[in-house]
Amino acid sequence: MNLELSITEQCNLRCDYCYYRDSHAARKAVMSDEVMEKAVSLALRKAAELNHNFLNITFFGGEPLLRMDIIRKTVAFARKLVKSRRSELPKKFKLLFTVNTNGTLLNDDVIGYLKKEGFSVALSLDGPRNKQDLSRKTVDGRGSFNYIAPYIPALVDLNAVVLMVITPKHVHGFSDAVKWVFKQGFTNVGTSPDFNGKWTSEDFDALIVEYEKLARFWYKSKRQKKDFYLSTIQDKVSMELLGKRQKEYTCFISSEAFVVATNGNVFPCSRFISSQPKAPYSLGNVLDEQSGIYKNILPKAVERFIKNDKKQCKECAIRYRCLAHECGCTSFYTTGSLEGVSAEVCTHERILCAICDEYAMKLYRNDKMESLL
């Protein structure tokens with residue numbers, strides 16, 4: 001069972017491509033103890049009912065490290081709750097914690113706490129200073145790289161996953177930025193485009209060049225059997241070879257998981273999250289035990305998305321590996337609904353799948369499937 005808690009809408013950065021810039025415009029809301037405790041209790045109850053052997057609580061925002069007090073309180077509450085309900089849970093049940101952070105508020109005390117509690121860390125980092133500071137700026141317009149750089153060794157030691165964003169202004173030299181991240185010692189990197197409706201044909205041409213370089217880098221690293229995971233290439237390859245759909249492999253919306261906004265609103269995916277009333281695709285509120293989340297009732301639009309192919313994608317050979325077809329959050333933030341298909345996303349996915357398949361086949365011919373997975 002996965003539970004994501006948006007513990008605060010406050011943030012010390014103003015990233016150009018933040019998809020919460022409208023829904024979190026006020027940057028003030030903070031999760032109450034009551035909402036936190038209700039959410040954790042509900043998630044643990046669902047984990048027990050489904051016989052899940054873990055509960056992973058992810059903290060995000062805003063910037064969650066602004067509210068270390070809530071993180072500490074949640075961890076203590078969850079540990080105490082698990083201890084009190086141990087008899088209801090599977091024998092090997094684990095309580096896990098993750099934090100999604102921009103990394104600018106780290107200090108020795110925070111690092112020590114994350115280590116002590118066994119946190120996984122997802123770090124938003126677009127590469128070296130010249131890439132990071134293009135879009136990830138502080139409230140007063142300064143670059144954020146200098147705040148993160150001193151803690152890169154500690155983040156490597158924590159096995160942090162690095163999450164990178166590509167925009168038209170980042171695209172040239174993007175593959176070098178990814179290689180730079182790996183050179184710092186990180187072994188798990190994911191990249192995602194900012195589908196903002198502004199990608200031109202020239203931008204996509206530049207992206208093809210960068211993805212080709214990235215695929216060659218992946219290919220060489222796999223052949224050298226390096227400790228290395230580049231999800232941008234790897235996930236597309238694995239889905240094809242294992243015969244899995246994106247919805248089954250990486251999409252949060254169709255799994256046993258839920259996301260809670262600062263005010264207790266519940267959603268099936270973090271991209272939908274909002275503390276606004278009547279937000280689309282809400283599953284209810286943790287403070288209302290009559291709402292859908294307590295009764296395992298999904299909104300009809302979400303059920304349709306999970307069960308059905310999109311009509312406009314039926315003849316597409318890559319539809320089950322494609323974000324435009326399979327990823328609810330991408331559909332939502334690019335078209336405003338789960339049913340929509342963005343032409344920009346469609347173009348991107350065709351480019352990426354073609355390149356991934358080419359290099360997967362090269363590796364398969366040389367080293368067989370074991371090297372790919």
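The side chains of Y229 and D235 are joined by a polar contact of 2.5 Å. A polar contact here is a pair of N or O atoms within 3.5 Å; within protein, one must be able to donate a hydrogen and the other to accept it, and residues adjacent in sequence count only if both atoms are side-chain atoms. Before going further, a word on the source: this is a predicted model, where local features need pLDDT of at least 70 and side-chain atom pairs count only at pLDDT 80 or more, while totals for chains, interfaces and linings use all residues. Residues are numbered from 1 along each chain as its sequence is written, and side-chain values use heavy atoms, with hydrogens and water left out.

**Y229 and helix α9**

Y229 sits in strand β7 (residues 229-230); helices (H or I, at least four residues) and strands (E, at least two) are DSSP runs, numbered from the N terminus. With 27% relative accessibility, Y229 counts as partly exposed. On this scale buried means under 20% relative accessible area, exposed over 50%, and partly exposed in between (1.4 Å probe, protein chains only). Setting aside neighbours within four places in sequence, Y229 is in contact with F182, T187, N188, V189, Q234, D235 and Y249, where contact means heavy atoms within 4.5 Å. From Y229 to V178 it's 51 residues in sequence and 12 Å in space, C-alpha to C-alpha.

Two of those contacts, Q234 and D235, are also on the list of buried residues of α9. The helix covers residues 231-242, and it is largely enclosed by the rest of the structure because 9 of its 12 residues are buried. The buried set is S231, T232, I233, Q234, D235, K236, V237, S238 and M239. Just past the end of α9, G243 takes a positive phi of about 70°.

**Strand β1 and its partners**

Over at the N-terminal end, strand β1 (residues 2-6) is mostly covered, with 4 of its 5 residues buried. β1 runs parallel to strand β2 (residues 54-60), joined to it by 5 bridges; two strands pair if DSSP finds at least two bridges between them. L3 has I57 as its bridge partner in β2. β1 also pairs with strand β8 (residues 257-260), again in the parallel sense, over 4 bridges. There, L5 is matched with V260.

What packs against this region? L5 turns up among the contacts of T74, along with M36, V40 and F59, not counting residues up to four places away in sequence. T74 belongs to helix α2 (residues 68-84) and is buried, at 0% relative accessible area. S270 is another one to look at: this residue lies in the loop between β9 (265-267) and β10 (284-285). S270 is buried too, at 15% relative accessible area. Leaving out neighbours within four places in sequence, S270 is in contact with E4, Y20, F60 and V259.

**Salt bridges**

How many salt bridges does a search of the whole structure find? The total is 19, a salt bridge being a side-chain nitrogen of Lys or Arg within 4 Å of a carboxyl oxygen of Asp or Glu. As a general point, side chains of opposite charge can pair when their charged atoms come close. Here are some of the pairs, with the N to O distance for each.

| Pair | N to O distance |
|---|---|
| E117 and R79 | 2.8 Å |
| K116 and E117 | 2.9 Å |
| E358 and K362 | 3.9 Å |

E117 shows up with both R79 and K116. The E117 and R79 salt bridge links distant parts of the chain, 38 residues apart: E117 is in the loop between α3 (108-116) and β4 (120-124), and R79 is in helix α2. E117 is buried, with a relative accessible area of 13%, whereas R79 is partly exposed at 36%. K116, on the other hand, is exposed, at 64%.

The E358 and K362 pair is a local affair: both residues lie in helix α15 (residues 343-367), 4 residues apart, about one turn of the helix. An α-helix has 3.6 residues a turn, so residues three or four places apart point the same way. E358 is partly exposed at 36% relative accessibility, and K362 is partly exposed as well, with a relative accessible area of 26%. Elsewhere, salt bridges that share partners join R245, D309, R319 and E326 into one network.
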